[in-house]
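Me: I want to understand the words people use for a protein model. Can I ask where each one comes from?
Reply: Go ahead. Here is the structure.

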Amino acid sequence: MKFLDEYRDRQIAAKLVDEIQRIQTKPWVIMEVCGGQTHSIVKYGLDYLLPAQIELVHGPGCPVCVTPLEMIDRAHAIARRPDVIFCSFGDMLRVPGSNGDLFQIKAEGGNVRVVYSPLECLKIARANPEKQVVFFAIGFETTAPANAMAVWQAKAQSIRNFSILVSHVTVPPALTAILESPGNRVQGFLGPGHVCAVMGSREYEPIAARYRVPIVITGFEPVDLLEGVMMVVRQLEQGRAEVENQYVRAVYSHGNTGAQRMVESVFEACDRSWRGVGLIPNSGYKLKDEFREQDAERIFAVGDIRTREPEICISGQVLKGSKKPHDCPAFGTQCTPQTPLGATMVSAEGACAAYYNYGRHLVTIGGRPGAV
Amino acid sequence: MSTTDPGFTLSCPLPINERKTIVLGHGSGGRLTAQLIRDLFLPAFGNEFLNKLDDQAVVHAGDARIAITTDGFVVTPLVFPGGDIGKLAVHGTVNDLAMSGARPLYLSAAFILEEGLAIEELSQIVRSMAEAAKAAGVTIVTGDTKVVNRGSADKLFVTTTGVGIVPDGVNISASNARPGDRVILSGTIGDHGMAVFSKREGLELEGSILSDTAPLHELVAAMIAAGEIHALRDPTRGGLATSLCEIAAGSRVGVEIDARAIPVRENVRGACEILGMDPLYVANEGKLVAFVERSAAESVLAAMRACPEGRDSVIIGEAVEAHGGMVLLKTEIGGTRILDLPFTEQLPRIC
């Protein structure tokens with residue numbers, strides 16, 4: 001398949017691995033920021049193709065994983081209402097709140113639907129004028145433009161029974177938080193390819209300069225990821241700390257300005273809590289006041305629902321890259337995708353779920369879990 | 001809760017340890033389904049036939065060995081590209097019998113109809129079912145009809161039971177695979193699941209995807225005539241990966257599969273890429289995976305390719321002594337990963 005097969009080519013992958021081996025002289029710790037990148041790395045076994053001294057740690061870029069428990073409880077409170085059709089991206093259905101998950105709410109009679117785009121919700125709202133249609137707007141800068149568009153169109157078309165529950169977060173403040181956290185080990189980043197397709201790469205330049213870390217904006221296919229690693233290693237070995245773009249087929253330095261304008265017209269920056277990480281200032285979006293009629297948190301008065309995060313579950317440390325999923329004694333035993341203890345096990349993009357789904361709880365060979 | 005490390009305490013409440021209600025995942029064919037069978041059905045019904053957990057039971061009646069299977073069909077929409085619920089019911093039941101090597105003979109059909117269903121819609125399904133039965137050489141010999149209130153069913157559910165005769169000398173079961181066996185797949189994977197999904201979601205994809213629904217008993221008969229078959233499965237719910245896991249576990253053999261050998265149509269692959277799904281876990285309704293005695297593999301493969309349902313057959317891997325019960329996939333780029341049972345239905349990923 002065009003634009004896929006060439007990025008999954010065995011010979012190209014082998015050449016990149018050879019080149020990484022050739023240029024690497026010291027051990028390096030590199031974080032891939034996106035959940036989608038983690039998924040690909042584990043799915044294709046890329047970390048095992050790399051030299052043992054290149055350690056990949058898995059970053060906070062799984063939107064399902066970082067959505068705080070109290071926001072999930074708020075979503076569930078809305079989804080349980082008989083007057084609501086609650087719409088969500090698919091993998092949010094399995095995320096447990098304090099009392100069950102959306103599957104459970106659906107089984108008990110809640111009207112819960114999986115959508116691929118928030119714009120589908122507008123159709124549902126028009127077809128069900130007697131119901132309130134609520135979309136759970138989670139995610140990074142990647143999903144924000146379409147969510148903003150849905151809100152903007154609902155207002156423009158006077159669709160009064162559509163609202164969104166906003167839990168948007170943004171990547172750059174999270175990278176800063178990781179770099180400033182005590183005991184940080186991350187020396188270079190594979191930057192978030194799809195986030196940068198929207199936002200461009202410029203906002204990463206001050207981070208690279210201030211913290212002296214290379215950031216290579218990287219795609220999601222095996223060859224992309226190996227090339228991204230090679231570019232980070234080359235910078236580290238040469239003592240450079242710059243923003244480079246591996247994902248040139250999708251990312252421009254200025255990003256998608258139309259999408260940015262849509263986000264700016266509907267959302268404004270706010271402080272957000274990240275599951276397992278805590279409050280990060282200015283790390284998310286909320287609806288601007290002029291769109292308050294589309295704000296589900298206000299309409300359904302769920303803002304007062306407060307839930308404390310469970311203290312266990314090392315997902316916070318996994319999300320910051322200081323621990324690996326298999327460092328947790330509960331991994332694969334008490335904590336499985338069927339009975340997740342933490343969000344990193346819930347989403348397919350979560351590091352723990354990626355490890356689990358690709359069988360890394362089953363075997364340990366040569367000190368590397370799942371290496372066979 | 002205790003853990004292996006006394007210094008590490010779990011203060012977090014296990015959110016959903018055991019479910020108190022049925023959720024859709026219990027019907028996914030994955031771990032939740034297996035849990036339900038293990039914890040609820042087997043303790044109540046368990047016996048030497050059921051405990052084998054094959055798609056059919058082979059029982060003795062006098063000198064004859066009879067294969068029996070039953071299957072419920074609840075697919076939405078009732079008509080999809082390449083088939084409909086009636087055709088699917090006949091083929092699914094015929095195929096469950098065929099996977100024991102049996103010659104399918106008779107079917108029963110029970111219809112649960114929702115008040116308000118158009119007679120013409122029912123008639124279309126029934127005609128299609130009759131044609132499929134005739135083409136497959138099976139006779140529908142008994143049946144039942146029930147009507148429920150509007151909202152108590154989704155238009156139409158069909159349950160079919162099938163009976164067939166297992167020829168002498170044939171002994172095929174998911175527990176009979178042996179190290180050294182070659183693993184043969186009868187064609188492309190993912191067609192049925194993605195055809196139904198695209199139609200249900202109203203996806204407009206380039207080039208329509210057709211369900212592969214087809215009866216496989218003639219293909220199986222040709223295979224049996226060509227060489228020694230140890231294990232057979234039709235990878236329906238849960239897809240090829242689930243069938244391979246079930247055979248690996250049932251036979252306590254390791255299985256090694258080459259991802260590059262597995263045929264997937266371009267349009268199916270494209271749809272899976274867009275939707276974030278893995279074709280290895282997508283349902284098929286006209287494919288089988290066979291574990292075949294190594295020395296017979298080439299002749300069985302040739303016999304399969306001579307049948308219309310098996311013309312794209314290919315060897316995708318082998319059974320091995322090592323890592324018993326586990327399926328390893330050599331990835332496209334030369335890595336290795338473990339294929340495991342899905343825990344529930346595949347969920348579309350967010351990005």
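Me: What follows α12(A), and what is the sign of its phi?
Reply: Gly239(A) comes after α12(A). Its phi is positive, near 75 degrees. Keep in mind that this is a predicted model.

Me: How do you know that α12(A) has the span expected of a helix?
Reply: Set the two values side by side. α12(A) has 17 residues. At 1.5 Å a residue, 24 Å is expected. From first C-alpha to last, α12(A) reaches 24 Å, which is close to that.

Me: What makes α12(A) mostly covered?
Reply: A residue is buried if 20 or more other C-beta atoms lie within 10 Å of its own. In α12(A), 14 of the 17 residues are buried.

Me: Which helix gives the most to the largest nonpolar core, and which residues touch the most other members?
Reply: This core has 118 residues. Val134(A), Ile164(A), Leu165(A), Leu226(A) and Val229(A) touch the most other members. Helix α12 of chain A, residues 222-238, gives the most to this core, with 9 residues. Another core lies apart from it, with 83 residues. Among them are Ala98(B), Ala290(B), Met326(B) and Ile338(B).

Me: What is Ile164(A) in contact with, leaving aside its neighbours within four places in sequence?
Reply: Two residues are in contact if their C-beta atoms lie within 7 Å. With those neighbours left aside, the contacts of Ile164(A) include Val134(A), Phe135(A), Ala137(A) and Ala150(A). Asn147(A) and Gln294(A) are also in contact with Ile164(A).

Me: Why is Arg212(A) called exposed?
Reply: Count its surroundings. Arg212(A) has 11 other C-beta atoms within 10 Å. The cut-off for exposed is 12 or fewer, so Arg212(A) is exposed. Arg212(A) lies in the loop between α11 and β8 of chain A. Its phi is positive, about 55 degrees, although Arg212(A) is not a glycine. Most residues other than glycine have a negative phi.

Me: Why is Leu53(B) called partly exposed?
Reply: Leu53(B) has 16 other C-beta atoms within 10 Å. Buried needs 20 or more and exposed needs 12 or fewer, so Leu53(B) is partly exposed. Leu53(B) is found in the loop between α1 and β1 of chain B. Its phi is also positive, near 55 degrees.

Me: What makes the bond between Thr76(B) and Pro77(B) worth a look?
Reply: A cis peptide bond joins Thr76(B) and Pro77(B). Omega is about -5 degrees. Most peptide bonds are trans. Pro77(B) is found in the loop between β2 and β3 of chain B.

Me: Is Pro77(B) exposed, partly exposed or buried, and what is it in contact with?
Reply: Pro77(B) has 13 other C-beta atoms within 10 Å. That count falls between the cut-offs of 12 and 20, so Pro77(B) is partly exposed. Leaving aside neighbours within four places in sequence, Pro77(B) is in contact with Lys199(B) and Arg200(B).

Me: How do you know that α3(B) has the span expected of a helix?
Reply: α3(B) covers residues 119-136, which is 18 residues. At 1.5 Å a residue, α3(B) should span 26 Å. Its end C-alpha atoms are 25 Å apart, which agrees.

Me: Why are the buried residues of α3(B) said to line one face?
Reply: Look down the axis of α3(B). The buried residues fall within an arc of 135 degrees, so they line one face of the helix. They are Ile125(B), Ser128(B), Met129(B), Ala132(B), Ala133(B) and Ala136(B). An α-helix has 3.6 residues a turn, so residues three or four places apart point the same way.

Me: What lies on the other side of α3(B), and what do its buried residues pack against?
Reply: On the other side, Ile119(B), Glu120(B), Ser123(B), Arg127(B) and Lys134(B) are exposed. The buried residues pack against elements of chain B including α2, β5 and α5.

Me: Why is α2(B) called largely enclosed?
Reply: In α2(B), 14 of the 14 residues are buried, so α2(B) is largely enclosed by the rest of the structure.

Me: How confident is the predictor, and where is the pLDDT of chain B below 50?
Reply: The mean pLDDT of chain B is 89. In chain B, 91% of residues reach 70 or more. Over residues 1-17 of chain B, the pLDDT is below 50. For the complex, the predictor gives an ipTM of 0.75 and a pTM of 0.83.

How values were computed:
Residues are numbered from 1 along each chain as its sequence is written. Chains are lettered from A and ligands numbered from 1 in the order in which they are written. This is a predicted model: local features need pLDDT of at least 70, side-chain atom pairs count only at pLDDT 80 or more; totals for chains, interfaces and linings use all residues. A nonpolar core is a set of buried Ala, Val, Leu, Ile, Met, Phe, Trp, Tyr and Cys residues joined through C-beta atoms within 7 Å. Helices (H or I, at least four residues) and strands (E, at least two) are DSSP runs, numbered from the N terminus. The expected span of a helix is 1.5 Å times one less than its number of residues. The arc is that of the directions from the helix axis to the C-beta atoms. pLDDT is the predictor's confidence in each residue, from 0 to 100.
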